[in-house]
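Visitor: Please take one part of this model and look at it closely. I would like the geometry, the surroundings and the cut-offs behind each term.

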Amino acid sequence: MPEALAAYDRTVERFPDNAVARNGRATILAGLGRTDEARLLLAPAGSQPGTRDDWVAAHILCMIDLRAGASPALADRLRRLVLACPYPSHRRYFETTLAVVQLALRDPAEARKAVGSLLARADFEPGERQVLHLMQAHAEAADGDLDAARQSLAAASNVVPYEQFAARQLRSKIERRYGLGTQRALTGGEEIAASEEKIIWLEADAWGTRAAEVAQAERMVA
């Protein structure tokens, strides 16, 4: 990661208006825990996004704030961004991040509705739908509907094989937390808190990574 940051530093130094380098550098800074620097770098574009790259910056800012701790204010900001974003390929990542925030805020009923609406659409690829089914299982289990959660886990398995480590890890964490597999549900307060935090991080990472991949692919086509 330090090597990647050094490469972005050189690019930004040579091309200070390069939005892709700006967003990439901010992502690396956030990953290194230097969130204040990342926010400062992204704020001019992300606070009033115009271009596609600006909307990517706005999403990165939301992910940084989610990492710092979900809040009702962040949920409200994501709702506004969903309504305002003119680019469908980016808007859906504000929508999925909002669902993660709802789960982090322990509002599983709203998360179930949000994820259900997303699953009803056709604009998600198989790997993305897999994550949505896992999030739906999380929301249903958190809402006390374990039978529905098991059905969502089965649906996730039917979308694509569990070849990605992150998806397998997310499924395992959800099963362990709520006793949806062969083990009993977690009962200790600290153990539950740590497990839920890990699940949220995995869900957030899935969409943060995917949003970055889509942005890069669009750049290559443009």
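Guide: What follows stays mainly with one helix and its neighbours, then adds a few residues elsewhere.

The model is predicted, so local features need pLDDT of at least 70 and side-chain atom pairs count only at pLDDT 80 or more, while totals for chains, interfaces and linings use all residues. Numbering starts from 1 along each chain as its sequence is written, and side-chain values use heavy atoms, with hydrogens and water left out.

The helix is H11, residues 189-221. Helices here are DSSP runs of H or I with at least four residues, strands are runs of E with at least two, and both are numbered from the N terminus.

Start with the aromatic rings. The whole structure holds three aromatic pairs. Rings of Phe, Tyr and Trp (its six-membered ring) pair if their centres lie within 6.5 Å; planes under 30 degrees apart are called stacked, over 60 edge-to-face, and the rest tilted. One pair joins Tyr 93 and Trp 207, and is tilted, with 6.0 Å centre to centre and 50° between the planes. Tyr 93 belongs to helix H6 (residues 88-104) and Trp 207 to H11, so this pair links distant parts of the chain, 114 residues apart. Tyr 93 and Trp 207 are both buried, where buried means under 20% relative accessible area, exposed over 50% and partly exposed in between, with a 1.4 Å probe and protein chains only.

Trp 207 also pairs with Phe 124, edge-to-face, at 6.1 Å centre to centre and 75° between the planes. This pair again links distant parts of the chain, 83 residues apart: Phe 124 is in the loop between helix H7 (108-119) and helix H8 (126-142), and Trp 207 is in H11. Phe 124 is buried, as is Trp 207. Through these ring pairs, Tyr 93, Phe 124 and Trp 207 form a cluster.

Two arginines lie over aromatic rings. A charge sits over a ring if NZ of Lys or CZ of Arg is within 6 Å of the ring centre and within 35 degrees of the ring normal. Arg 92 lies over the face of Phe 124, 5.3 Å from the ring centre. The charged end of Arg 67 sits over the ring of Trp 201, at 3.7 Å from its centre.

In H11 there is also Glu 203. Glu 203 counts as buried because its relative accessible area is 0%. Its contacts (heavy atoms within 4.5 Å) are with Val 100, Leu 103, Met 135, His 138, Leu 170 and Ile 174, leaving aside residues up to four places away in sequence. The C-alpha atoms of Glu 203 and Leu 134 are 8.8 Å apart, although 69 residues separate the two along the chain.

Next, the pockets. They are found on a 1 Å grid over the protein atoms alone: a cavity is a set of points where a 1.4 Å probe fits but cannot get out, a pocket is an open set with protein on both sides within 12 Å along at least five of seven lines, and lining residues have an atom within 4 Å of a point. Grid points are joined across faces, edges and corners, and a volume is the space filled by probe spheres set on the points.

The largest pocket has a volume of about 920 Å³. Its lining has 32 residues, with Thr 27, Ile 60, Gly 208, Thr 209 and Ala 212 nearest the centre. Helix H2 (19-31), helix H4 (52-68), H6 and H11 are the elements that give two or more residues to this lining. H11 gives the most, ten residues. By class, the lining of the largest pocket has 17 nonpolar, eleven polar and four charged residues; Ala, Val, Leu, Ile, Met, Phe, Trp, Tyr, Cys and Pro count as nonpolar, Asp, Glu, Lys and Arg as charged, and the others, Gly among them, as polar.

The second largest pocket has a volume of about 370 Å³. It is lined by 15 residues, and Gly 127, Val 131, Gln 164, Ala 206 and Arg 210 lie nearest its centre. H8, helix H10 (165-178) and H11 each supply at least two of the lining residues, and H11 gives the most, with seven. This lining divides into seven nonpolar, three polar and five charged residues.

Away from H11, Gln 136 is in helix H8 and is buried, at 10% relative accessible area. Arg 106, in the loop between H6 and H7, is exposed at 61% relative accessible area and has a positive phi of about 60° although it is not a glycine.
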